[in-house]
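I opened this notebook to record what I looked up in the model, going from strands to charged side chains and then to totals for the chain.

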Amino acid sequence: MKPRRNTKQVPSFRKLLKTSKLKLENKLKNKQYKQQSTVKKYRKEQRKLRQAVKDAAAKTPVPLEDYKKRHPEREEEETALPLDMMDEDDLKLMEELAQKASFVTRDLSSSEPVHAKKRKHETVIEKYEKMPRRMQTEPEKELIHLLPIKDKCGIIPQTMEKPVVQEEEEDEEGEVEAAALVTQAVEEPLPVLTTEELLVHRREKLQEKKMHIAALASAILADPENNIKKLKELRSMLMEQDPNVAVIVRKLVMVSLMEIFKDITPSYKIRPLTESEKNTKVRKETQKLREFEEGLVSQYKFYLENLEQSVKDWKQRKLKKSNVISLKAYKGLAEVAVKCLCELLVSLPHFNFHNNIIVLIVPLMNDASKQISEMCCDAVKNLFKQDKLGVASIGVVKVISGLVKSRNYDVRPEVLMSLLNLRIKEIEVKKDAEDIAPKKRFMSYKEKRRNLSRMQRKWKKAEEKLERELLEVEASESTEKKLKLHTEILNIVFLTYFRILKKAQKSPLLPAVLEGLARFAHLINLEFFDDLLVVLHSLIMSEVLNHRESLHCVLSAFYILSGQGDVLNIDPLKFYTHIYKTLFKLHAGATNDDVAIVLQCLDVMLTKRRKQVSQQRALAFMKRLSTLALHVLPNSSIGIMATNRTLMHTFPKTDLLLDNESQGSGIYLPELEEPEYCNAQNTALWELHVLRRHYHPVVQKFAAHLVAGAPSEGSGALGPELSRRSPAELFEAYSMKGMTFNPQIASVTPRKKGEILRGESFLNEDLRELFQTELGKAAVQGPLDFAKHLNAAVS
């Protein structure tokens, strides 16, 4: 008979290792359970012992009176009672009763109960006294589990006792010393310091605080990850309690923390860890980085809360209970806090709590304090200018829209003027355009397998890898995401503008709205064009707007028609008429700055719409602009003549204005408000000869250039520094910002006989005498009358 084969498999090394680990864990668990049970038994015994002591103390009789042993002499005297009168039977009966009356005869001072010997069991105290005690004289030392050691026998666990740090208890001694110091301070009066000594003491203390702030800031900047705890110490100085240096120290700490956060903050947003990520074991470097990021976000949050509280304290005008800071100092602290918030808004648009900063800053743009309002508006403008994608801008635009609506359109115009700095040039016009545009995509594995050979697949794989790396290096933002954000931003902006146009036409926000419409009108949806043009024209005709606001209306209308509005068959004749009629409202006084807007309007309505402009209209505008150049400042004259130069190049037939001969029937009617019917072809640009004698050399050059027919080459041509710049650029380049003008003196008033008009100071003597003799016959009312009588004088 064959021996039975042993079917039991030999356990592998991995299984042995696994089972040994389980055994080790079971041993550790059993040891823990034993320790827990021992502690429970010890607590139970202690509880019983305390209860027994309470019971014994409750049953101990209290003596009624102090018992004193009597002297033997007195005892003999007391026993010698007169018993002669008692019989023997009575005496025996009294002795028997005395033996039974134990309460009367027993000693009351004894603590032993009367029936102590009659108990069947022992007392609880005696019972516990006889039991062996297992009290721990020393506390159990904690064990640190080390890495196990493996030998031939198996895995041997290794442990080490945790070192116990003995803390010295000196609370009582400290209290005694503090009490002694207090009594000494009470007994000794404080020395009285002079004003100079107080200032010196304050200066020394302030210098000490500055050195402490500098040391902490330098340590944090040198090694942020290891010194993140010092950030908390520095932030705690925001609550400085010394009234002599509290305000300055808090301001210094605010600015220091702002610069530190700008320097050590990473270029990404830190998100909180999930539960699974917290429980996962990671490397030491990763854990160190996580702790640094968590501490940084926490301290940054508390810092922003402190800044917000500083602003609230100033707004609510509340004094602290400690009275450390006076009420007047709140404004200075609030200004520094707002400045720090503005810097963080611009410098850290990608980091955590950026939306919280936006919610704090945007309402302060409408603050009554001009300084705080300007700081916040400048910060928002800088944020708009540097935000190319639009992620940070969309949050600001939403809060501004909500602020304007919640305040019932009663906000400062600067709030809406900041929207003009948005960097929006393109939006999603049609969704079909996305489908038409070719999209870059890589071939799938099946397509490569089907269409390419083995060598081609290899090359294709290397090429795609290189393209992906290039895309990562460029870090270019998605165009689709950018267009989507810009479209959403512009929808919110136009919604705010249309609300104001509809509900608050008499609001001071209307100029900002009209300027914004002129800025973004080419991006408005085609469906709103008709309604918007009707609204703009009704605003112009209502005569509620001032001159600049009406110019913005005209500019907005032409921007609408120059963009997508080209497909619409609309003739904006009423806007041409309005500009032609109001040109003479410009002069060298208060309205000189409006020339820049007029130059933009003329560029859009004449140059860019050259195909829709007739020759009569172009001639009328050239003649009126030449007349206007006599009444404005030199920079405006240069811009106007640059516009005339552009019109000469755009409309070649306008050179007939340089000839004295008339073209056709009729005479020139300068007072007519319709440019089409003023017969401008029958006049000449005699103003250019006057401007050739202007005191400004650039005006002289432009006038001589236009008289020569605005040639591009030759002796009459302009230099590249003048010919290559637009009229608006020339207007800004030659502006006389340092000069001030009195509007009352510069405005046109009815002149007296022999009075020299504004603009005549640069005329030659012969012409001046002619103007004075001819124009002195009647009072001149404004530039229109001046031009009319001037034409008559020259003719």
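Before turning to the hairpin I note the convention I rely on, namely that two strands count as paired if DSSP finds at least two bridges between them. I also keep in mind throughout that this is a predicted model.

**Entry 1, the strands.** I looked up the secondary structure and found 34 helices and 2 strands in the chain. The two strands, β1 (residues 143-150) and β2 (residues 155-161), pair with each other in the antiparallel sense, and I count 6 bridges between them. Following the pairing across, I find Ile 144 of the hairpin opposite Met 160, which belongs to β2. The hairpin leaves 4 residues between its strands, and there Gly 154 takes a positive phi near 140 degrees.

**Entry 2, a salt bridge within a helix.** I next went through the charged side chains, where the structure holds 13 salt bridges. One of them joins Lys 262 to Glu 259, with N to O at 4.0 Å, and both residues lie in helix α9 (residues 246-264), 3 residues apart, about one turn of the helix. I checked how far each is covered: Lys 262 is partly exposed at 28% relative accessibility, and Glu 259 is likewise partly exposed, at 41%. The pair does not stand alone, since Glu 259, Lys 262 and Glu 343 are linked in a network of salt bridges.

**Entry 3, two further pairs.** I then looked up Arg 271, which forms a salt bridge with Glu 277, the closest N and O atoms being 2.8 Å apart. Here Arg 271 counts as exposed because its relative accessible area is 52%, while Glu 277, at 21%, is partly exposed.

Which residue does Arg 548 meet in a salt bridge? The partner is Asp 594, with 2.7 Å between the closest N and O atoms. This pair links distant parts of the chain, as Arg 548 sits in helix α23 (residues 547-562) and Asp 594 in the loop between α24 (573-582) and α25 (595-607), 46 residues apart. I record Arg 548 as partly exposed at 38% relative accessibility, whereas Asp 594 has a relative accessible area of 5%, so I class Asp 594 as buried.

**Entry 4, the chain as a whole.** Lastly I took the totals: of the 795 residues in the chain, 34% are buried. Among contacts with a separation of 6 or more, 70% come from residues 24 or more positions apart. The accessible surface comes to about 53,700 Å², and carbon and sulfur atoms account for 53% of that area.

Terms used
Residues are numbered from 1 along each chain as its sequence is written. This is a predicted model: local features need pLDDT of at least 70, side-chain atom pairs count only at pLDDT 80 or more; totals for chains, interfaces and linings use all residues. Side-chain values use heavy atoms; hydrogens and water are left out. Buried means under 20% relative accessible area, exposed over 50%, partly exposed in between (1.4 Å probe, protein chains only). Contact means heavy atoms within 4.5 Å. Accessible areas come from the Shrake-Rupley method with a 1.4 Å probe; for residues, only the protein chains shown count as cover.
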